[in-house]
Amino acid sequence: MIQMIWSKLSNKLFLAMLFIVICLNTNAQNTFQDYKKAYPDYNEIVLLDFQSYDISIEDKKLKIIQNSNFESMILTENGIHNNQESFTYSELVKLIDYEAFSVVNNNGKEKKIKVTQSTEKQSSQSSVFHDDVKQRQLSFPNLEAGSKKVYHYSREFIDPYLLHKFIFSGGIPIKNASFEVITDKSINIGYKIFNDPNNKIEFTRKEKKDKIIYTWTLKDVKPIKFESNDPGYLHIAPHIDIFIKDYQIGDKKISILGDVEDLHKYYTGFVKNLNKKECIDLKKIAQEITKDKATEEEKVKSIFYWVKNNIKYIAFESGYDGFIPREAELVFERKFGDCKDMANIIVSMSKYANIENVNLCWIGTREIPYSYTELPTPAVDNHMIAAYKKDDTYIYLDATDKETRFGLPTSFIQGKEALINTPNGYTIQKVPQIDAEQNKVNDYVQLQIKDNKLKGNAKIDFHGFNRSSIIMEIGDTSGKTRMEIIKNIVLKGNNKFILNTYTEENLSDRDLPYIINYNFELDNYIIQLEKEIYINPFLTKTFEKNPIQKDRESSYDFEILSQFNRIYEFEIPVNYSIKYKPKNYTIDNELMQSSCNFEVKNNKLIVTHKLQLKKAIITKPEFELWDETIKKLKTYLLIVVAQQKPKWKN
């Protein structure tokens, strides 16, 4: 019987079906009540998440078919509301077929009810990003506690370089997560497992006739805990990336992906024929904006800022458009483009200005945890920029962030490896983490006590990434909306803070700090009892709202290093003197440095406070030290007491 089936079906389909039958039989041994008892805190459980690749050679070419099978059980009435599932496909990953149905209890027997409500929509749409990835959304009918959602789909991968990863976990528990690769014996694959420190993912390799079957299985998978400020899903979830190294046809061995050399060769196929035709108008602009610049660096800077000011970031990706930059002439005519387009026009304009050492480079954002050496595949990258080599260092030119100044990378590529295309090949360079000093915030506040209120005149300036993030937060708002945003940025003390007026400086000059001059009043902040005034001199409590919960699982990611310098000058009221001021303090550990100095001078209490974050990512072993540091900071938030001077009688 098996032999008859084998003759009619491909190896892939047979093994996938056999695997599903085994899993379904295993699941059948457990009843709804068993699962409900085992998972009392969940509305649903995934019984099976299975995915397979069948990679074979047909007509001297690779043929790659992926099959995915999913089955879940509803455990509670609340779980019924989660009646939708979805999958994606595109020009490069074509949908072959799919099937979906609900399994409900019908007088003690299981009954299948086919999904008839199915819609196709764009997978991701925003004001700046559009692609050709489609999402098939399935609505499962007649769900109730104890019923199941079951679906299957098949896709064909057109490009052997672009296989997808398999993630063994999700937001709900999974009984059985399994990934399988079936290949001809003449096909050589590679793989890399991430986030499985205890080696719980079971691996088997079997040979059957002319096939090799690789299987990775993880059972009883706990759900991923989604937490704020985590470093990204791929840093946490156990998953596997596979790739095809090479395959043999006759005596000929054909390489796909084995090392960075192969990856670079694949990438350069997309860019080697760019900008062969000269764009006269773009060349004229490039030469015009650089003609009076004294140095090459100043020329590159002027080109970089011109692109930021004149080319709008909008990503339209379809098929290989996600990999191939558009011609610089087209980007110039349209006045918009994606990251690749912006990088390409920077390189093209640099060439027109006779600057040869500005080149394209591929890079992954910080949410991607891989390096080129551990995973030399396109999975390591999701972004493209330009890089300018100045002497022995590189300046990274990412025009997608309009506000970041020349000399700084964008914050989301800090610490990442960049694969830089060079005239003689490539080089891998690591983007630096920008130090806290370059991202400093200086806040200078002069304060008086009038009418039992605290009134202040202040100036705050933002540098580096703090500058660009604040300006992006404000955007092009105006009127009351802008004032409300500014108020939240400069807020002091408590919710009784009133922003009276403000002015802004250097809003459009990226090379200078963004400055807000403002005056305010603050009610219900000082305490006046008889002849004494009590006041907390720390009007801004940085990181007070950032304690890390003890049950947190993932690292806490601040993204950037920051330094906060604050000077508060409290004018002591007439006929008052300082009775008590806190002691100066210094905290210095591997996570944070903070110091504060209290000085009475010229009838003023001057509080000089400095706080510097030393690590952008706080890991789990460091949570205790972080919380101890925050608690210690709070103990220094002591009250200043001003006492009325006695009136001497003659």
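Let's start at L397. Leaving aside residues up to four places away in sequence, L397 touches V300, F304, I346, V358, I385, A386, Y388 and F406. Contact here means heavy atoms within 4.5 Å.

A word on the source. This is a predicted model, where local features need pLDDT of at least 70, side-chain atom pairs count only at pLDDT 80 or more, and totals for chains, interfaces and linings use all residues. Residues are numbered from 1 along each chain as its sequence is written, and side-chain values use heavy atoms, with hydrogens and water left out.

Back to the core. L397 and I345 touch the most other members of the largest nonpolar core, which holds 90 residues. Helix α8, residues 339-352, gives the most to this core: eight residues. A second core lies apart from it. That one has 49 residues, including F497, L539, Y585 and L633. By nonpolar core I mean a set of buried Ala, Val, Leu, Ile, Met, Phe, Trp, Tyr and Cys residues joined through side-chain atoms within 4.5 Å. Buried means under 20% relative accessible area, exposed over 50%, and partly exposed in between, using a 1.4 Å probe and protein chains only.

Now the whole chain. There are eleven helices and 38 strands. These are DSSP runs numbered from the N terminus: helices are H or I with at least four residues, strands are E with at least two. The C-alpha trace spans about 120 × 70 × 40 Å along its principal axes. Of the 650 residues, 49% are buried. Take contacts between residues at least 6 apart in sequence: 71% of them join residues at least 24 apart.

Next, helix packing. How do α5 and α8 pack? Helix α5, residues 280-290, meets α8 at an angle of about 70 degrees, and the axes are 8 Å apart. Axes are lines fitted to C-alpha atoms, for helices over the stretch in contact, and angles run from 0 to 180 degrees between N-to-C directions. So α5 and α8 are roughly perpendicular to each other. The cut-offs: under 35 degrees is roughly parallel, over 145 roughly antiparallel, 65 to 115 roughly perpendicular, and the rest oblique. On the α5 side, the residues are L282, K283, I285, A286, Q287 and I289. On the α8 side they meet I345, S348, M349 and Y352. Recall that I345 also stood out in the largest core.

Some single residues. I182 sits in strand β11, residues 174-184. I182 counts as buried, because its relative accessibility is 0%. I182 and Y214 are 32 residues apart in sequence, and their C-alpha atoms are 6.4 Å apart in space.

T540 is in the loop between β30 (532-535) and β31 (556-557). T540 is buried, because its relative accessible area is 18%. T540 touches L491, K492, R566 and Y568, again not counting residues up to four places away in sequence.

Cysteines. How many disulfides does the structure hold? Zero. A disulfide would need a pair of cysteine sulfur atoms within 2.5 Å. C279 is buried at 4% relative accessibility. C596 is buried at 4% as well.

Last, backbone. Most residues other than glycine have a negative phi. N195 is not a glycine, yet has a positive phi of about 60 degrees. N195 lies in the loop between β12 (187-194) and β13 (202-208), and is partly exposed at 29%. N575 has a positive phi near 70 degrees. N575 lies in the loop between β32 (563-571) and β33 (576-580), and is partly exposed at 45%.
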